[in-house]
Amino acid sequence: MFWILAAVITAMVVALIAWPFFRQRRQAQTTADYDVEVYKSQLRELDRELAEGLVSDQEAAAAKAEVARRLLAADTKRAGGAVLGWGTGLHRMTGIVVSVSVPVSAVLLYLALGQPSATDVPYSSRADEIAQMRQAQERDLGNLGEMAQRLAARLEDEPGDPDGWMLLGRTYMTMQDFAKAAETFAKVIELSPEESDAYGAMGEALVLAAEGMITKDAIAAFEKAREIGDNGDPRASFYLAEARYQAGDHQAALDALVKLAWTAEPGAPWLVTVRNRAIAIADELGQDGAALLPNAPPPPAVAAGDQPGPTAEDIAAADQMAEADRQAMIRGMVDGLAAKLQDNPMDFQGWTRLIRARTVMGDMEQAQSELDKALEIFARAPVPKAELQRLAGELGLTAPGAGSGAPGAGAAPGPSAADVAAAQEMSDEDRQAMIEGMVDGLAARLQENPNDLDGWMRLARSYNVLDRPQDALAALEKAGEAFPQETSVMLLRGRLIRSMAGMPTTEQSQTLMDNVLAIDPNNVEALWFKAIGALDAGNRDVAADYFNKAVSVLPEGSDDRAALEQQRDKLLEVE
């Protein structure tokens, strides 16, 4: 029985080995081209999984190293050109020799060395074998450098291959040799000056080579990538926002990230990173980051049996039912929604549906109670709070700051969370028109009621997100006239002026920082930008004094102080 099984298995193996010799052999170059595309696709997939948080940085680095090694091997094979096939007769003769020699050799070898009665060796006891496997893996990783050298040598002979230079640059990135990667991407740009990916890749390499600091050269590369790239190159926009943050202009960085999130396609793999960074910066500024971001990930699908609350369609269907059945249906859904909000109290849209449903049912006392709970939960979130106040005025409920519901009554609420949610379902043109209409309405209401500081600040930020910086600046100037001692207006004006100029400091923004310090001598942001201005003017000692004073204002041992000290040291070191 053993010999029968062995013969069958051997015949199958020989057939698999011999078959390629009996058919027309394809050129190796065709196979190499296919392999290169497969490995490139694997690298893109790894980038997507890393952005979505599906793999860790270490796992991604290890996987990229292996894929890059194989990619280089395939590219080297492709560069060698097509391997000429053998003659048909010799090819078949080789197949016959292999078909005979393999089983004969196997039988002879087994008769000499085989022991059918021998027991298996436990894997845990194969220490030498395990050590050899680990050494082989280390050699494979080391081969990546050798293959990169071979590719570099080939490119020296064939310098006009932008794809080859791009591959070499990505290989250096995998090897974490970021300085060489930046130089290599620069060669890609020389050959293909309209290749936005090359600009973005070079900028990223420069950032990593500078240990996370976004240098002037990196900023220039990212700006070019955004200028010529499709959809403005989200990677470049993200790093440019981070550059503003590192320059101390945290609000401008947050505004840029919010704008980037607005333009994202639903489900974009990089949107998670943008949202997390924006929320982190908003937390530092004491703002509700989630309320500022219109492109929040869609909520999970409602499972069968869950009750999301009565929709307009539900209520319309209920009109066709008997009175008792209709009331029972609506109350059941409303109670289900209330129970769901106990488990997820941060569901703002759920609260607005619940409050409206209570008023439709005529249960004004319960609606007021639900409104009070929602106001307590969202007390520190300005946009949801303003929407709840507007809703209270519309439904005849009581809320601090709520108006009568008539246009122009009370503080100008600006775009609501419901408006933002509705905007996600519109086309780009309709959404832009809706947003601009709401912003213009807010501007008109502020003309009638100029003593609304929050309204002016919302208007300026809205204009900035809509790429209307001149209108934003005009709004802040009017806010400054109404509130001449309000430092928040001065600070926001300074950020906007710097952003419009594309410079870390300007004479006008420095004057505004002086005005802030005259009112609040310990304002960290103003001190920081006075230090930046002194550095630009070459006054290193003055800059150090401003930096040190800004750091001393923050509590010892705090994360903010540590981050500020690190930025100070890097800026002074660069200078």
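**Notebook: cavity, cores and pocket**

I began with the largest cavity, which has a volume of about 70 Å³. The model I am looking at is a predicted one. I searched the whole structure and found 1 cavity of 30 Å³ or more.

Next I looked up which residues line the largest cavity. The lining consists of Ala252, Asp255, Ala460, Arg461, Asn464, Ala472, Leu476, Leu492, Arg495 and Leu496. Four helices each give two or more residues to this lining: α11 (250–262), α21 (453–465), α22 (469–482) and α23 (487–501). Sorted by class, I have 6 nonpolar, 1 polar and 3 charged residues there.

**Overall build**

I noted 27 helices and 0 strands in the chain. Of its 575 residues, 37% count as buried. Among contacts with a separation of 6 or more, 56% are between residues 24 or more positions apart.

**The cores**

Which residues touch the most other members of the largest nonpolar core? I have Leu459, Tyr463, Leu476 and Phe547, out of 43 residues in that core. At least two residues each come from α20 (428–448), α21, α22, α23, α24 (507–519), α25 (524–536), α26 (540–553) and α27 (559–574). The largest share, 8 residues, is supplied by α25. Apart from this core I found another, of 39 residues, including Leu43, Tyr172, Ala181 and Met202. As a general note, nonpolar side chains in soluble globular proteins tend to be buried together.

Leu476 is on two of my lists: it is part of the lining of the largest cavity, and it is among the residues with the most contacts to other members of the largest core.

I then followed Tyr463. Leaving aside neighbours within four places in sequence, Tyr463 is in contact with Val439, Asp440, Ala443, Arg468, Pro469, Asp471, Ala472 and Ala475. Of these, Ala472 also lines the largest cavity.

**Thr487**

Is Thr487 buried or exposed? I put Thr487 down as buried, because its relative accessibility is 17% and the cut-off for buried is under 20%. Thr487 sits in helix α23. Beyond the neighbours within four places in sequence, I have Thr487 in contact with Val516 and Ile519.

**Helix α8**

I checked the length of α8, residues 196–209. Its 14 residues at 1.5 Å a residue should span 20 Å, and the end C-alpha atoms are 20 Å apart, so the two agree. The buried residues of α8 are Ser196, Ala198, Tyr199, Gly200, Ala201, Met202, Gly203, Ala205 and Val207. Met202 also belongs to the core of 39 residues. What covers the buried residues of α8 includes α6 (162–174), α7 (178–191), α9 (216–228) and α10 (234–246). After α8 comes Glu211, with a positive phi near 60°.

**The second largest pocket**

Last, I looked up the second largest pocket, with a volume of about 1900 Å³. I have 40 residues in its lining, and Asp47, Leu50, Lys64, Glu204 and Arg235 lie nearest its centre. The elements giving two or more residues to this lining are α2 (28–51), α3 (57–79), α6, α7, α8, α10 and α12 (271–284). Helix α8 thus appears again, as one of the elements of the pocket lining. By class, I divided the lining into 21 nonpolar, 7 polar and 12 charged residues.

Definitions and conventions:
Residues are numbered from 1 along each chain as its sequence is written. This is a predicted model: local features need pLDDT of at least 70, side-chain atom pairs count only at pLDDT 80 or more; totals for chains, interfaces and linings use all residues. Side-chain values use heavy atoms; hydrogens and water are left out. On a 1 Å grid over the protein atoms alone, a cavity is a set of points where a 1.4 Å probe fits but cannot get out, and a pocket is an open set with protein on both sides within 12 Å along at least five of seven lines; lining residues have an atom within 4 Å of a point. Grid points are joined across faces, edges and corners, and a volume is the space filled by probe spheres set on the points. Ala, Val, Leu, Ile, Met, Phe, Trp, Tyr, Cys and Pro count as nonpolar, Asp, Glu, Lys and Arg as charged, and the others, Gly among them, as polar. The expected span of a helix is 1.5 Å times one less than its number of residues. Buried means under 20% relative accessible area, exposed over 50%, partly exposed in between (1.4 Å probe, protein chains only). Contact means heavy atoms within 4.5 Å. A nonpolar core is a set of buried Ala, Val, Leu, Ile, Met, Phe, Trp, Tyr and Cys residues joined through side-chain atoms within 4.5 Å.
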